[in-house]
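Here are some short exercises on reading a protein model, each with a worked solution. Have a go at each task before you read on.

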Amino acid sequence: MPRSSVVLDEIWQYLEIHQQIPNAATEVVIDKTCHSRKVRCDAASLGVPCTNCVAFSIECRIPVPKRKRTNASKIKDDAARSVNHLLCAKHNIYEYSETSEPQQPPTPSDPRLVRQNSKPTIPPPGPDGLPSSQQVEATATHQNSSQGVMAQFMKPKFARAPIKEAGRVAYLGESSNLSLLVHDRHGTTDVVHYPLPENIRGARARLTEPDQIEIDILQQRGAFLLPPRNLCDELIESYFKWVAPVVPIISRTRFMKRYKDPKNPPSLLLIQAILLAGSRVCTNPQLMDASGSTTPAAMTFYKRAKALYDANYEDDRITIVQALILMGWYWEGPEDVTKNVFYWTRVAIVVAQGSGMHRSVEASQLSRTDKRLWKRVWWTLFTRDRSVAVALGRPVSINTDDTDVEMVSEEDFIEDEGDMNNEYAPDTIHVQFFLQYVKLCEIMGLVLSQQYSVASKSRRTNAIDLTHSDMALADWLQNCPREVYWERSRHHFWSALLHSNY
């Protein structure tokens, strides 16, 4: 037997032996609603109802265990409503409820302000600032489970296993050591996207889920609050009408289906980010201050979304990328470098590349719908990268030599969710706008590289480069579809926006 095969078998046996074996001590309590939505549930550490169910005003149901347990009394917790009016009353933004009626804010003595019998999942550091013994044990448990994750990657047929959750994808680049082991064992060389092993969800969630201190901060930020239903509807409609055509990163069919389902609402992080972007283009007087500006309202939604992101509240990677892109719609000013579109676009690109969104998914086991969404998200990141670099005079982040994602096409805007009567069919003008915008951003990158990069300053200006850029722009204009070709006689917003970039 070849020496390489012996080594691989030894590694395989070692990883199998050292997998973490689940037991009663590591069992996690998750309510049925959070389980069906595939979101993190904190009922085990913070009591019932969990913060997800409180935020969306839905019933929190813990499944009955198969073995006999002592009956624990339910803990009633409405603490998420405790800061209603603290951050939002100024802009008439209240907690979301099905009746769209704002609820009365609690008084300082209101028992809703107190969460009984709640303990942090991971104890805070000791008085000397060093990690507590419980923290060390939790970290060690997580590290041990990581060995089991590696074993999962090397199991037979794992490379071809279907990917059921697009937000839980592991990316192994060709130069990765683990990738080399997987390819050697299974003989696969064309796969770089793998389903993230299910057994790591519990261990990692227990280590990183928000503790009581973080939950308190989120409550004070109003992160669990949403506007009344009518205002929320208007903000979401404004987003899809004026923002989504520029950043088509969300499946409207899928989002609205969950938005209308109280038992399976959309991600709280994503909806706060959508409300932020929507508030930038919505003209509802409820969002405006005395001077008619919507900036204070946008700041409120931004702080909520950022608080949820900082607390690792969301673990779906696609949702995180979508929210990060939209958080760039808040900008304090040109002097700020950590809360602007340049910063959040870069963070979104890093997260996307970590999930392998810069690589083609045609050979992956993602569903056709998810493959289309991934492609739209990646090309949106590309357009943001180029356009922000041009607008702010910053360097680009995406190197086209590192990506092999196919060019986005009209077919990628089809949202086939199994519903023959799709209420949200793609708008032809919006689709053509984005397709032509991508092509224009490619030319932007060419111009930046040839005329404005640091390297270009050290070489002579080449007349051929200028001619090449001019020819590319002329070709783009000549082949621009009539739907988005701007003419003074038939002015249209999207054609005008596209040609302003030209």
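**Exercise 1.** Work out whether isoleucine 320 is buried or exposed, and find what it touches.

*Solution.* Start with the cut-offs: buried means under 20% relative accessible area, exposed means over 50%, and partly exposed is in between, using a 1.4 Å probe and protein chains only as cover. Isoleucine 320 has 14% relative accessibility, so it counts as buried. Next, place isoleucine 320: it sits in helix 13. Helices here are DSSP runs of H or I with at least four residues, strands are runs of E with at least two, and both are numbered from the N terminus. Now look for contacts, meaning heavy atoms within 4.5 Å. Skipping neighbours within four places in sequence, isoleucine 320 touches Leu269, Tyr309, Glu314, Asp315 and Val351. Take leucine 269: it lies 51 residues from isoleucine 320 in sequence, yet their C-alphas are 7.8 Å apart in space.

A quick word on the ground rules: this is a predicted model, where local features need pLDDT of at least 70 and side-chain atom pairs count only at pLDDT 80 or more, while totals for chains, interfaces and linings use all residues. Residues are numbered from 1 along each chain as its sequence is written, and side-chain values use heavy atoms, with hydrogens and water left out.

**Exercise 2.** Find out how many residues of helix 13 are buried, and what covers them.

*Solution.* First, count: ten of the eleven residues in helix 13 are buried, which leaves the helix mostly covered. Among them are Ile318, Val321, Leu324 and Met327. Then look around: the cover includes helix 9 (229-243), helix 11, helix 12, helix 14 and helix 15.

**Exercise 3.** Check the span of helix 14 against the expected value, then list its packing partners.

*Solution.* The expected span is 1.5 Å times one less than the number of residues. Helix 14 (residues 341-354) has 14 residues, and its first and last C-alphas are 20 Å apart, close to the 20 Å expected. Its buried residues include Phe342, Trp344 and Arg346. These buried residues pack against helix 12, helix 13 (317-327) and helix 15 (368-392). Just past helix 14, glycine 356 takes a positive phi of about 80°.

**Exercise 4.** Which residue other than glycine has a positive phi near 55°?

*Solution.* That's asparagine 312. You'll find asparagine 312 in the loop between helix 12 and helix 13. Its relative accessible area is 41%, so it counts as partly exposed.

**Exercise 5.** Locate valine 281, and say how covered it is.

*Solution.* Valine 281 is in the loop between helix 11 (268-279) and helix 12 (295-310). With a relative accessible area of 30%, valine 281 is partly exposed.

**Exercise 6.** Count the disulfides, then see whether cysteine 232 and cysteine 282 are buried or exposed.

*Solution.* A disulfide is a pair of cysteine sulfur atoms within 2.5 Å. The structure has zero of them. Cysteine 232 is buried, at 0% relative accessible area, and cysteine 282 is buried too, at 4%.

**Exercise 7.** Step back and describe the whole chain.

*Solution.* The chain has 19 helices and two strands. Of its 502 residues, 48% are buried. Among contacts with a separation of 6 or more, 73% join residues 24 or more positions apart.
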